[in-house]
Amino acid sequence: MTMTEPLAVRLSEGTTTRAESLRELLDSSVQVLPGVAGMLAARTDGRALAYCVATSDPGALAALSAAALQLGQRLVDVLGVGGFDELTVRSPAGYVTIYAAGPHTILVVLSHRTANLARVHLGARTVATRIAELRTSLP
Amino acid sequence: MAAQELTFKIVVAGAFGVGKTTLINHISDTPVVGTEVATSGDEAESKSSTTVGLEYGTYRLVDDEFDISLLLFGTPGQERFRFMWDIVSIGADAALVLVDAQNDATWDDARAALAYFRASATRTVALGVNRLAASTAIDEFLLRFNDPTNSVAIACNAIDRESARSAIVEVLSLVLDDAESLLQDELV
């Protein structure tokens, strides 16, 4: 495999700072939001950016969530009922909710079964807005 | 010095039953997350299960200099899931369109997928030729296949792990070549 130096440098530019800031934001949000067990931020193309979740495969969570968000958006498009707020899946263990965080990022929130989902939404939307700001302010 | 970490997203597309799921399962070094369900009707006659959403697997290549993760995304083959192509192809670095060399019923779909990805933002598009008979040269197949997009063709036997993995490494080198020439264009 051959690769020139400029390519390698270009591809990694800025990603470390961004991942660290995102990770810090997710860590602190999981700690303060009641009922929230974990969070993951990913690009809309399904690549994980940062996470604090108890799963062995955050990459798969990112890929599936990004696809699910797109499907959710298309569902409301087909129904002609306007924009997309979030997508929630409930399981015996709790909830997985997927939010758009600006045009290029998604936020996945895992919460406990006992969580108050309305409060989770409230907190998560603030986090999603912060993520969107971070993603545009950093290189 | 730590190895440079790079991640590339590669979409695997092609007709129903052409071997996309098989290919990803044979390449991935993490458990593949899929959306396979039992087939029904006509489709059940050719195989027992099919992808209705997407498949996700990974393949990691590490040397002293680079730590490369390939994210492999499979799409459903049927026309009714065409919208999944739009979803799965977001941000893709490459598309590998599979064709079954021994089943010309899959060829039209492969040509359509090649045209689709060529027209998309996906920079690197390659044709993966599955089940190429040992007696057939790939050029011989290409003459019959007649690809209007003239994409690079790679022999790729989906049920053979070595063949599948070397095909995906070839796709990676195409991605790196394309990225490099793009950078050079920008520098000029």
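**Exercise 1. Aromatic pairs**

Determine how many aromatic pairs the structure holds over all chains, and classify the pair of B:Phe81 and B:Phe83.

*Solution.* In this predicted model, the count over all chains comes to 8 aromatic pairs. For B:Phe81 and B:Phe83, the ring centres are 6.3 Å apart and the planes stand at 65°. Planes over 60 degrees apart count as edge-to-face, and the pair of B:Phe81 and B:Phe83 is accordingly edge-to-face. As to accessibility, B:Phe81 has a relative accessible area of 13% and is buried, whereas B:Phe83, at 33%, is partly exposed.

**Exercise 2. A pair between helices**

Establish the geometry of the pair B:Trp85 and B:Phe117, and explain why it ties together parts separated in sequence.

*Solution.* The centre-to-centre value is 6.3 Å, with 20° between the planes. Planes under 30 degrees apart count as stacked, and this pair of B:Trp85 and B:Phe117 is stacked. Next, B:Trp85 belongs to helix 3 (residues 82-88) of chain B and B:Phe117 to helix 4 (residues 107-119) of chain B, so the pair ties together parts 32 residues apart in sequence. Both B:Trp85 and B:Phe117 are buried. Finally, ring pairs join B:Tyr116 with B:Trp85 and B:Phe117 in a cluster.

**Exercise 3. Charges over rings**

Identify which ring lies under the charged end of B:Lys47, and which ring face B:Arg111 lies over.

*Solution.* The charged end of B:Lys47 sits over the ring of B:Phe16, 4.9 Å from the ring centre. B:Arg111 lies over the face of B:Phe145, at 5.0 Å from the centre of that ring.

Conventions:
Residues numbered from 1 in each chain as written. Chains lettered and ligands numbered in written order. Predicted model: local features only at pLDDT ≥ 70, side-chain atom pairs only at ≥ 80, totals over all residues. Heavy atoms only, no water. Phe/Tyr/Trp six-rings, centres within 6.5 Å; stacked < 30°, edge-to-face > 60°. Buried < 20%, exposed > 50% of the residue type's maximum accessible area, 1.4 Å probe, protein only. Helix = DSSP H or I, 4+ residues; strand = E, 2+ residues; numbered from the N terminus. Lys NZ or Arg CZ within 6 Å of the ring centre and 35° of its normal.
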